[in-house]
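User: Please take a close look at the cysteines of this model, and place them in the setting of the chain as a whole. I am new to this structure and would welcome a connected account.

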Amino acid sequence: MSFAILSALLGFAFVTTVTPGPNNLMLMASGANFGFRRTLPHMMGIVGGMSVMALLVGAGLMALFDAVPALKVISVGYLLWLAVKIATAAPLEERDADSRPMTFLQAATFQWVNPKALAMCLSAVTLYAPDRPLLSVAIVAAAFALVCFPAISVWALLGTVVRQWLSNATRLRGFNITMAAWLVASLYPVLGLGT
């Protein structure tokens, strides 16, 4: 892979991971509700899950998603369920001791039902490893691993910045409902409703 193609791949991976989508909207909500430190496992799960998914998609696993269209319906259903959970999250002072952000494993496995993540990985492999040699696919996966954490950190940090302002229960409820609505709206281009 040439330096020019590698640079383009890194740019693609950064732009696709830093732009709004299910992962980033959930990270912003988690940062606001739990703080940056408690959101770190969620963030690391996204990085790990996205990198492994890119590797496996490049190895041919995407054929499974093409063969089983019901997986898209399951993905959308899961995202809608998460949006309801975000919208109905209790204010900080009302949360029980069991309330916590996503774990590493939950965030890593979430990538497999995240339509944007699947589309990103498929596009990256198609564009930057079109013949799917293992080395090129591994470079695509490594590019996501390299740029994903800095890109998604912005969203968790943004959530922590507004955390103090969200100490008011009414503002927090409005924020959570807005994040949930944006999460649902992020499905619009993935479902092809705009075409």
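Analyst: Within the chain, which has 195 residues, 44% of the residues count as buried. The model is a predicted one. Its accessible surface amounts to about 9600 Å², and carbon and sulfur atoms account for 72% of that area.

The chain contains nine helices and zero strands. Read from the N terminus, the order of its elements is therefore α-α-α-α-α-α-α-α-α. Contacts across the sequence complete this setting: among those between residues at least 6 apart, 85% join residues that lie at least 24 apart.

Against this background the cysteines may be considered. A disulfide is a covalent bond between the sulfur atoms of two cysteines. The structure holds zero disulfides. Cys121, accordingly, takes part in none, and the cysteine sulfur nearest to its own, that of Cys148, is 9.3 Å away.

The same separation appears from the other side. For the sulfur of Cys148, the closest cysteine sulfur is the one in Cys121, and because the two are 9.3 Å apart, they are too far from each other for a bond. The cut-off makes the reasoning explicit, since a disulfide requires a pair of cysteine sulfur atoms within 2.5 Å.

The surroundings of each residue can be described as well. Cys121 is buried, its relative accessible area being 0%. Cys148 is likewise buried, with a relative accessible area of 0%. Both values fall under the 20% limit that defines a buried residue.

Terms used. Residues numbered from 1 in each chain as written. Predicted model: local features only at pLDDT ≥ 70, side-chain atom pairs only at ≥ 80, totals over all residues. Heavy atoms only, no water. Buried < 20%, exposed > 50% of the residue type's maximum accessible area, 1.4 Å probe, protein only. Helix = DSSP H or I, 4+ residues; strand = E, 2+ residues; numbered from the N terminus. Contact = heavy atoms within 4.5 Å. Areas by Shrake-Rupley, 256 points an atom, 1.4 Å probe, with all protein chains shown as cover.
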